[in-house]
Amino acid sequence: MKTRMIRAAVLRRAGGPLEIESLEMEGPRDDEVLVRIVASGICRTDIDMLDSWAAADGPVVLGHEGAGVVEETGGKVKGVRRGDHVVLSYQSCGRCRPCRSGRPTDCDRFFEANFGFQRLDGSNALHRSGVRGHFFGQSSFATHALATERNLVKVSRTLPLDRLAPLGCGLQTGAGTVMNSLAVPAGASLAVFGTGAVGLAAVMAARIAGADPIIGVDVVPMRLKLARELGAGHVIDNRRGRTAARIAAITGSGVDYVVETTGSPAMHRLAVDVLSPGGAVALMTGESGRELPGGRRTVGIIQGDAVPQRFIPELIRLHREGQFSFDRIEKFYDFGRINRAIADARKGRAVKPVLRMGEVRAV
């Protein structure tokens with residue numbers, strides 16, 4: 001099989017930094033697509049993986065919010081061709097019952113496909129360089145990535161790929177939680193705990209859905225300011241305490257829905273405490289939901305229960321209509337400044353860092 005040289009940000013030490021290196025990558029198999037990455041968002045999951053990774057696991061390439069241009073396709077690929085512009089999202093097996101019934105977030109092999117750092121058959125296109133890729137079926141912290149039609153979304157060539165990159169995970173998850181997983185109705189009250197990229201996407205989706213009131217809770221003033229500008233009628237700085245009392249004062253009791261994006265056990269408990277009877281807490285951990293007293297419940301969320309090929313075009317449509325202004329939260333960095341972009345995300349200086357790998361050019 002022919003190979004090519006690519007540049008990729010390689011994680012070799014727990015916590016980083018990432019080092020941009022030249023790697024040898026196999027060309028696409030029959031069911032794969034080679035994408036030249038133009039841009040990639042940096043997601044909280046990338047940073048969590050960077051922190052939790054152990055040297056014994058071997059060097060890896062992260063990144064799972066890629067967008068780029070198709071350079072080559074395998075013989076069995078029918079949905080895209082050379083020159084098409086695409087957004088990359090999560091991977092699924094395509095064969096299990098949930099996948100065949102249109103529920104790829106419930107894929108029987110979801111964890112393997114997205115966190116296994118290999119193809120589902122156990123192979124690895126970067127093996128010649130002693131590095132593992134295929135993170136979320138892409139590893140987009142690189143100049144090129146291999147994907148499949150299952151995690152590709154074809155988009156118009158008139159749209160800016162660097163702007164679209166974050167739609168593949170964080171923005172899809174936040175918006176999908178409100179629109180798909182919870183199906184928040186007009187007039188329902190909703191609080192968003194953590195107004196980072198996922199939380200702000202949830203705020204914008206809640207405004208589109210007609211939720212009222214919408215309450216943003218965070219500890220970073222810049223993010224709270226954005227939450228108010230993007231649709232939250234109320235914001236609460238959680239550093240000042242009394243968050244439950246303040247939510248009760250706003251709603252008169254509790255809230256119908258909480259989108260809990262922080263992953264903090266304390267915020268998880270608070271989210272349950274502020275629920276009205278019959279209310280639901282959405283947890284970004286993907287854990288199993290459970291029933292609570294008073295008809296309350298928790299719901300584990302994976303990718304906002306979104307089918308990317310349907311949902312990402314819908315988010316693009318809403319953006320073009322001025323209803324889903326995700327461009328307001330993006331901050332761009334050259335690929336070589338990836339470690340600075342991650343540091344800015346950690347310190348709250350960037351809500352959604354986006355790496356630019358190269359220009360859009362003809363292929």
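Start by selecting Met 25, Leu 126, His 134, Gln 138 and Ser 139: of the 15 residues that line the largest cavity, these lie nearest its centre. Keep in mind as you go that you're looking at a predicted model.

**Stop 1: the cavity**

With those five residues showing, colour strand 1 (3-11) and strand 7 (144-148), the elements that give two or more residues to the lining of this cavity. Strand 7 has the largest share, three residues. How much space is in there? About 90 Å³. If you go hunting for others, note that the structure holds one cavity of 30 Å³ or more. Now try colouring the lining by residue class: you'll get nine nonpolar residues, six polar ones and no charged ones.

**Stop 2: a hairpin**

Leave strand 1 selected and add strand 2 (residues 18-26). Which way do strand 1 and strand 2 run, parallel or antiparallel? They run antiparallel, and nine bridges join them. For one facing pair, click Thr 3 and then look across to Glu 26 in strand 2, which stands opposite. Next, follow the chain round the turn of this hairpin, where six residues sit between the strands. Stop at Gly 15, which takes a positive phi near 85°.

**Stop 3: the second largest pocket**

Back to strand 7 for a moment, because we need a new neighbourhood that also uses this strand: strand 7 gives the most to the lining of the second largest pocket, with three residues. This pocket has a volume of about 500 Å³. Select Asp 31, Arg 119, Leu 120, Asp 121 and Arg 150, which are the closest to its centre among the 18 lining residues. Colour by class again, and this lining divides into five nonpolar, five polar and eight charged residues.

**Stop 4: the largest pocket**

Now select Arg 44, Thr 45, Asp 48, Val 198 and Thr 261. Of the 45 residues that line the largest pocket, these lie nearest its centre. The space in this pocket comes to about 1200 Å³. Which element gives the most to its lining? That's helix 1, with four residues. Plenty of other elements supply at least two residues each, including helix 5 (170-181), helix 6 (197-209), helix 11 (338-346) and strand 17 (352-356). By class, you should find 22 nonpolar, 15 polar and eight charged residues in this lining.

**Stop 5: the open sheet**

Strand 10 and helix 9 also each supply at least two residues to the largest pocket's lining, and they make a handy route to our last stop. Show the seven strands that form an open sheet, in the order 11-10-9-12-13-15-14, with mixed pairing. Where are the edges? Look at strand 11 (234-237) and strand 14 (290-291), each of which pairs on one side only.

Zoom in on the strand 11 edge. Strand 10 (residues 214-218) runs parallel to strand 11, and four bridges join the two. Click Val 217 and you'll find Ile 236 of strand 11 standing opposite.

Finally, bring in two helices. Helix 7 (residues 221-230) packs on the sheet and touches strand 10 and strand 11; its direction makes about 170° with that of strand 11. Helix 9 (residues 265-273) packs on the sheet too, and the strands it touches include strand 9 (190-193), strand 12 (255-260) and strand 13 (275-283). Its direction makes about 150° with that of strand 13.

Conventions:
Residues numbered from 1 in each chain as written. Predicted model: local features only at pLDDT ≥ 70, side-chain atom pairs only at ≥ 80, totals over all residues. Heavy atoms only, no water. Pairing = 2+ DSSP bridges. Contact = heavy atoms within 4.5 Å. Axes fitted to C-alpha atoms, helices over the stretch in contact; angles between N-to-C directions. 1 Å grid on protein atoms, 1.4 Å probe; cavity = no way out; pocket = protein on both sides within 12 Å on 5 of 7 lines; lining within 4 Å. Points joined across faces, edges and corners; volume = space filled by probe spheres on them. Nonpolar A, V, L, I, M, F, W, Y, C, P; charged D, E, K, R; others polar.
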